[in-house]
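Thank you all for coming; I would like to take a few minutes to walk through one model with you. Please have the sequence and the structure open while I talk.

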Amino acid sequence: FISNEAASSGFDHIVFDGAVFPNFRNSDKAYIGESVQSETRYKALVNIANIAAESATVYGTNAILTISAADVLDGTAEVFKPSELNYTTIAVEYSPENIPSTALINGEETALSELPANNKAYVIFSEIQRLAGTDKKIVPVLKQSEFSQADFNEIITAVRSLGCESYIIS
């Protein structure tokens, strides 16, 4: 496993990204079969992510799983099953252009498009932290070029107020 090789080489952190199924065409589904259509197909993603995490931790390396905030909000982040993941750190990519205009936040439909940048980030990261549980550390991943400087600063303040000790700027 590549995570095992990286961890044995002395890396402190290994980021596991791209744990998604491709968009299958109907002809693909017919050829491959039920396994890509099953409601439990997410378990394959969780399993491969956990194997990567476990192989990294053998060497004392911190494994970080990366997911998209938009995918969590719209329910398509199949690997985001916090109780089944062997990760303590989850990096959450936050791109405003991919965030849905409305989302279920704590069971209530919320109009995200009407919120200012800092409130939107606060609401979204609060929800993701709630879904992840208290044993998972959420690390926001922000692409600075997608925000005005004022919005970027306010978003940093918002996520820090949630207890996010660190964030990644890409």
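Before I come to a hairpin, let me fix one term: two strands are said to pair if DSSP finds at least two bridges between them. Please also keep in mind throughout that what you see is a predicted model.

With that term in hand, take β4 and β5, the latter covering residues 108-111, which pair in the antiparallel sense over four bridges. Two residues lie between the strands of this hairpin, and N106 takes a positive phi near 50° there. Across the pair, T102 stands opposite A111 in β5. Strand β4, residues 102-105, has a covered face formed by A103 and I105, whereas T102 and L104 belong to the uncovered one.

Let me turn to the open sheet, which has five strands in the order β1-β2-β3-β6-β7 with parallel pairing. Its edge strands are β1 and β7, the latter at residues 168-169, and each of these pairs on one side only. Further in, β3, residues 89-94, and β6, residues 137-142, run parallel and are joined by six bridges, and the bridge partner of V92 in β6 is P140.

At the β1 edge, β1 and β2 pair in the parallel sense over four bridges, with F16 standing opposite L65 in β2. Which residues of β1 point to the buried face, and which to the other? I14 and F16 point to one face and are buried, while H13 and V15 point to the other and are not. As background, side chains in a regular strand alternate between the two faces of the sheet.

That brings me to the cavity, since I14, V15 and F16 are among its lining residues. The structure holds one cavity of 30 Å³ or more, and the volume of the largest cavity is about 30 Å³. Besides those three, the lining includes S3, A52, A53, A56, A63, I64 and Y87, and β1, α3 and β2 each supply at least two of the lining residues. By class, the lining divides into nine nonpolar residues, one polar and no charged.

Two of these lining residues deserve a closer look. A53 sits in helix α3, and it counts as buried because its relative accessibility is 1%, where the cut-off is under 20%. Leaving aside neighbours within four places in sequence, A53 is in contact with A63, N86 and Y87. For a sense of distance, the C-alpha atoms of A53 and V141 are separated by 20 Å, with the two residues 88 apart along the chain.

Y87, with the same kind of sequence neighbours left out, touches F16, A49, N50, A52, A53, A63, I64, L65 and K136. Y87 is also one of the residues with the most contacts inside the largest nonpolar core, together with V79 and Y94, and that core has 44 residues. The largest share of this core, seven residues, comes from α3. In soluble globular proteins, nonpolar side chains tend to be buried together.

Finally, consider T61, in the loop between α3, residues 42-57, and β2, residues 62-68. Is T61 buried or exposed? T61 is buried, with a relative accessible area of 3%, and, not counting residues up to four places away in sequence, T61 touches A7, F11, D12, H13, I14 and A56. Of these contacts, I14 and A56 also appear in the cavity lining.

Terms used:
Residues are numbered from 1 along each chain as its sequence is written. This is a predicted model: local features need pLDDT of at least 70, side-chain atom pairs count only at pLDDT 80 or more; totals for chains, interfaces and linings use all residues. Side-chain values use heavy atoms; hydrogens and water are left out. Buried means under 20% relative accessible area, exposed over 50%, partly exposed in between (1.4 Å probe, protein chains only). Contact means heavy atoms within 4.5 Å. On a 1 Å grid over the protein atoms alone, a cavity is a set of points where a 1.4 Å probe fits but cannot get out, and a pocket is an open set with protein on both sides within 12 Å along at least five of seven lines; lining residues have an atom within 4 Å of a point. Grid points are joined across faces, edges and corners, and a volume is the space filled by probe spheres set on the points. Ala, Val, Leu, Ile, Met, Phe, Trp, Tyr, Cys and Pro count as nonpolar, Asp, Glu, Lys and Arg as charged, and the others, Gly among them, as polar. A nonpolar core is a set of buried Ala, Val, Leu, Ile, Met, Phe, Trp, Tyr and Cys residues joined through side-chain atoms within 4.5 Å.
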